[in-house]
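Here is a friendly walk through one model, from its packing to its strands and charged pairs. Please keep the structure open beside you as you read.

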Amino acid sequence: MGGCSSFVKDAEVKEYTAKALEALKVLEDESGAGNDFLGWKHLPTQTPESLITDCEAIRDDWKGKGVDLVVVIGIGGSYLGAKCALEALSHNFSKQLSTKKDAPEIVFAGNNLSEEYISELMDLVQERNVACVVISKSGTTTEPAVAFRIIKQYIETRYGKAEAANRIVAVTDAKRGALKSLSTQEGYRTFVIEDNVGGRFSVLTPVGILPIVLGGFDIRAMLKGAAEMEAACAVASEENPALQYAAMRNLLYAEYGKKIEILVSFNPKFQYLGEWWKQLYGESEGKDGKGIFPASVLFTTDLHSMGQYIQDGERMLMETVVTVEKASRSVIIKSDEQNLDGLNFLAGKHVEECNAMAELGTKLAHIDGGVPQLGVSVEKIDEYNLGQLFYFFEKACGISAYILGVNPFNQPGVEAYKKNMFALLNKPGYEAQGEELRKRL
Ligand code: PA5
């Protein structure tokens, strides 16, 4: 956390480290608010091998049928972890490359209510050999339910009802919800999201594991990375990385008015790491009139859009930079005899060296501009390191929310829009509210 040292005092760091140690103890003792939602803590070490082999069996079954497109339906925590992993681990141009991977393409639906999105998705499914994974813990969320009704009807019409049951898998609660009862009735294969794991902490449950396995990635390596981080983040010491991060971001928020935290990456593969992280922290901490507002940028791209504000705008920002130490590919900039572009000073350097200098240069510039820098680094982008990041940010989120004094595991604020939407759509039971709302429009 060297990028913060010029902003904070040693005594404050001690004070917030002590608060973080206390919060960690509450999380470890399971004595805090929302303590019935702590099942995520031991997922890396307690995930049964049978869960992975069950996911692999579906992968192999669908491969045998020639499935080349899997529609994964879900929203929020039932979507962002898998999307983040698949984006991070896939070739940037996998869709355009002629050499296709030996895995179906995964597309996501049910994360919006755009009619254009769903109808254009239907254009795609008609051209492809399709299967579907529908994910909803509650089994009642409107966005995925609408998308699933449409895709289910399409798959049944095209392949017949019996075959549809082989091409649809549900991930949901063990007992409750419309998706559970529908799956039982239709005879779908199902995976359970345990009661004690909330959506945004569920990437290492079947919610994330099944799409990651279907995408052809190494879930065992991801769980191994997460398991090592589980051990490192359980230690009651100042060395605990999750504790350090949670302490510093709370110190900057509470004592220095840094109300917005921007997650920064210099690698486009981490765009959805930012989206996943925003949901994790936004839904966990933004309540009771409190909480750091999470934002994300991709540099150097956004240095040419948000860079101006970050450097010079209102001083309420802190940044957390996720550094990737090693690129997995190599491109060296060559010398050019004419040097018309004046770039020969870069000849012989890797593009990634330019990226690394951009990262360091930005760090120093933003510190000079009054933006403290927190840092997280991974050796490279792969399953193992992604598993580490997932667990690190989850554990830090739990500690951080307890320092802030909120329950990290509920999301009461999400209900407000749902009630209004149901009322405006005339859902039975919401008639009176609908009338009231319409008067206000
Ligand atoms: O983190 C959460 O709990 C939420 O973002 C949920 O994941 C999201 O609302 C989707 O819920 P469900 O899986 O019940 O459809």
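## Cores, strands and charged pairs

Isoleucine 399 is in contact (heavy atoms within 4.5 Å) with Ala20, Ala23, Leu24, Leu27, Ala242, Leu243 and Ala246, leaving aside its neighbours within four places in sequence. Before going further, a word on the source: this is a predicted model, in which local features need pLDDT of at least 70 and side-chain atom pairs count only at pLDDT 80 or more, while totals for chains, interfaces and linings use all residues. Residues are numbered from 1 along each chain as its sequence is written, and side-chain values use heavy atoms, with hydrogens and water left out.

Ile399 belongs to the largest nonpolar core, which has 94 residues; together with Phe270, Trp276 and Phe393, Ile399 touches the most other members. The largest share of this core, 13 residues, is supplied by helix α15 (residues 383-404). A second core, separate from that one, has 24 residues, including Ala109, Val130, Phe148 and Ile155. A nonpolar core here is a set of buried Ala, Val, Leu, Ile, Met, Phe, Trp, Tyr and Cys residues joined through side-chain atoms within 4.5 Å. Buried means under 20% relative accessible area, exposed means over 50%, and partly exposed lies in between (1.4 Å probe, protein chains only). In soluble globular proteins, nonpolar side chains tend to be buried together.

Now to the strands. Helices (H or I, at least four residues) and strands (E, at least two) are DSSP runs, numbered from the N terminus, and two strands pair if DSSP finds at least two bridges between them.

Strand β6 (residues 260-265) is mostly covered, with six of its six residues buried. Ile260, Ile262 and Val264 point one way from β6, while Glu261, Leu263 and Ser265 point the other way. β6 runs parallel to β7 and is joined to β7 by six bridges; β6 also pairs with β8 in the parallel sense, again over six bridges. What are the bridge partners of glutamate 261 in β7 and in β8? In β7 the partner is proline 294, and in β8 the partner is methionine 318. Between β6 and β7 the chain passes through helix α12 (residues 271-285), and this β-α-β crossover is right-handed; that is, with the strands pointing away from the viewer, the path from the first strand over the helix to the second runs clockwise.

Strand β8 (residues 317-324) also runs parallel to strand β9 (residues 373-378), joined by six bridges. Valine 321 has glycine 375 as its bridge partner in β9. With helix α14 (residues 351-368), β8 and β9 make a right-handed β-α-β unit.

Closer to the start of the chain numbering, strand β1 (residues 69-73) pairs with β2 in the parallel sense over five bridges, and valine 72 stands opposite phenylalanine 108 in β2. The chain goes from β1 through helix α4 (residues 80-89) to β2 in a right-handed β-α-β crossover. Four of the five residues of β2 (residues 105-109) are buried, so this strand is largely enclosed by the rest of the structure.

The structure holds 31 salt bridges, each a side-chain nitrogen of Lys or Arg within 4 Å of a carboxyl oxygen of Asp or Glu. Here are three of them.

| Positive side chain | Negative side chain | N to O distance |
|---|---|---|
| Lysine 25 | Aspartate 29 | 2.8 Å |
| Lysine 161 | Glutamate 156 | 3.0 Å |
| Arginine 176 | Aspartate 195 | 3.0 Å |

Lysine 25 and aspartate 29 are four residues apart in helix α1 (residues 10-29), so about one helical turn separates them. Lysine 25 is exposed at 52% relative accessibility, and aspartate 29 is partly exposed at 44%. In the second pair, lysine 161 is partly exposed at 48%, whereas glutamate 156 is buried at 17%. Arginine 176 lies in the loop between β4 (168-172) and α8 (178-186), and aspartate 195 in the loop between β5 (189-192) and α9 (206-214), so their pair ties together parts 19 residues apart in sequence. Arginine 176 is exposed at 52% and aspartate 195 partly exposed at 38%. Salt bridges with shared partners also join Lys152, Glu156, Lys161 and Glu186 into one network.

Finally, aspartate 302 sits in the loop between β7 (293-298) and α13 (307-312). Aspartate 302 is buried yet has no salt bridge, and the nearest side chain of opposite charge, lysine 278, is 8.9 Å away. For charge, Lys and Arg count as positive and Asp and Glu as negative, while His and the chain ends are not counted. Beyond its neighbours within four places in sequence, aspartate 302 is in contact with Val297 and Gly307.
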